[in-house]
Amino acid sequence: IAGIELACCTKVRIEKEYSSTSVKMTLINSKDEIQPEYPRLGSAIKTALSKQSVNVINSTRATKIDKDYVYLTNNDKTTSKIKADFVFWAAGAQAHPIEIIGDGICQND
């Protein structure tokens, strides 16, 4: 979610501050879909990104970044690169799984 928020907010802020509508923002997503665990949320996010003209590349990871390009590898191991003036890195984070048992007692796996 952090990358999604960052992409939308940064794009809007740059366009507002610099009176520009030519900002191109691309979100690289390692999963096949945005938020596949929550299909309705994923669909709403996809719609919001589309309205903001944020390009989404799914099933892909950034494997290298240099001063001009972000190098990508998709799930099929096909490689490519995209031109980038600025790169914002927002890696996904996930809480350690716990199980709540009886009276709110937490137990780790």
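User: Hi! Quick one to start: how many residues does this protein have, and what share of them counts as buried?
Analyst: Hello! The protein has 109 residues, and 22% of them count as buried. Keep in mind that this is a predicted model.

User: Noted. And the exposed surface, how much is there?
Analyst: About 8500 Å² is exposed by the protein, with carbon and sulfur atoms supplying 52% of that area.

User: What's the secondary structure like?
Analyst: You'll find two helices and seven strands. Following the sequence, they come in the order α-β-α-β-β-β-β-β-β.

User: What about long-range contacts?
Analyst: Take the contacts between residues at least 6 apart in sequence: 42% of these join residues at least 24 apart.

User: Let's go to the strands. How do β3 and β4 pair?
Analyst: They run in the antiparallel sense, and five bridges link them. The two strands make a hairpin, with three residues between them.

User: And β4 with β5, how many bridges there?
Analyst: Five bridges, with β4 (residues 69-74) and β5 pairing in the antiparallel sense. This hairpin has four residues between the strands. So β4 pairs with β3 on the one hand and with β5 on the other.

User: Can you give me a row of residues that runs across those strands?
Analyst: Sure, try Y71 in β4. K64 has Y71 as its bridge partner in that strand, and Y71 also stands opposite K81 in β5. The C-alpha atoms of K64 and K81 are 9.2 Å apart, while 17 residues separate the two along the chain.

User: Which residue of β5 faces L72?
Analyst: That would be S80, which stands opposite L72.

User: Back to K64. Which strand is it in, and what does it touch?
Analyst: K64 belongs to β3. Setting aside residues up to four places away in sequence, K64 touches Y69, V70 and Y71.

User: Is K64 buried, partly exposed or exposed?
Analyst: Partly exposed. Its relative accessible area is 48%, and the label follows because that value falls between the 20% and 50% cut-offs.

User: How about T73, buried or exposed?
Analyst: T73, in strand β4, has a relative accessibility of 17%, so it counts as buried under the 20% cut-off. Beyond its neighbours within four places in sequence, T73 is in contact with S59, T60, R61, T63, T78 and T79.

User: Changing topic: where do I see odd backbone angles?
Analyst: A bit of background helps here. Most residues other than glycine have a negative phi. Here, S19 has a positive phi near 45 degrees, and Q35 has a positive one near 50 degrees. K77, in the hairpin of β4 and β5, also takes a positive phi, near 70 degrees.

User: Where do S19 and Q35 sit?
Analyst: Both are in loops. S19 lies between α1 and β1, whereas Q35 lies between β1 and α2 (39-51).

User: Are those two buried or exposed?
Analyst: S19 is exposed, at 69% relative accessible area. Q35 is buried, at 16%.

User: Last topic, pockets. What volume does the largest one have?
Analyst: The largest pocket has a volume of about 1500 Å³. For context, rolling a probe the size of a water molecule over the atoms shows where empty space is left.

User: How many residues line that pocket, and which lie nearest its centre?
Analyst: The lining of the largest pocket has 41 residues, and those nearest the centre are G3, L27, I28, F88 and A90.

User: Which elements contribute to it?
Analyst: α1 (2-17), β1 (25-28), β3 (60-65) and β5 (79-83) are the elements that each give two or more residues to the lining. The most comes from α1, which provides seven residues.

User: And the chemistry of that lining?
Analyst: Its residues split into 25 nonpolar, nine polar and seven charged.

User: Great, could you recap the strand part for my notes?
Analyst: Happy to! β3 and β4 form a hairpin with three residues between them, and β4 and β5 form one with four residues between the strands. In β4, Y71 is the bridge partner of K64 and stands opposite K81 in β5.

Notes: Residues are numbered from 1 along each chain as its sequence is written. This is a predicted model: local features need pLDDT of at least 70, side-chain atom pairs count only at pLDDT 80 or more; totals for chains, interfaces and linings use all residues. Side-chain values use heavy atoms; hydrogens and water are left out. On a 1 Å grid over the protein atoms alone, a cavity is a set of points where a 1.4 Å probe fits but cannot get out, and a pocket is an open set with protein on both sides within 12 Å along at least five of seven lines; lining residues have an atom within 4 Å of a point. Grid points are joined across faces, edges and corners, and a volume is the space filled by probe spheres set on the points. Ala, Val, Leu, Ile, Met, Phe, Trp, Tyr, Cys and Pro count as nonpolar, Asp, Glu, Lys and Arg as charged, and the others, Gly among them, as polar. Buried means under 20% relative accessible area, exposed over 50%, partly exposed in between (1.4 Å probe, protein chains only). Contact means heavy atoms within 4.5 Å. Accessible areas come from the Shrake-Rupley method with a 1.4 Å probe; for residues, only the protein chains shown count as cover.
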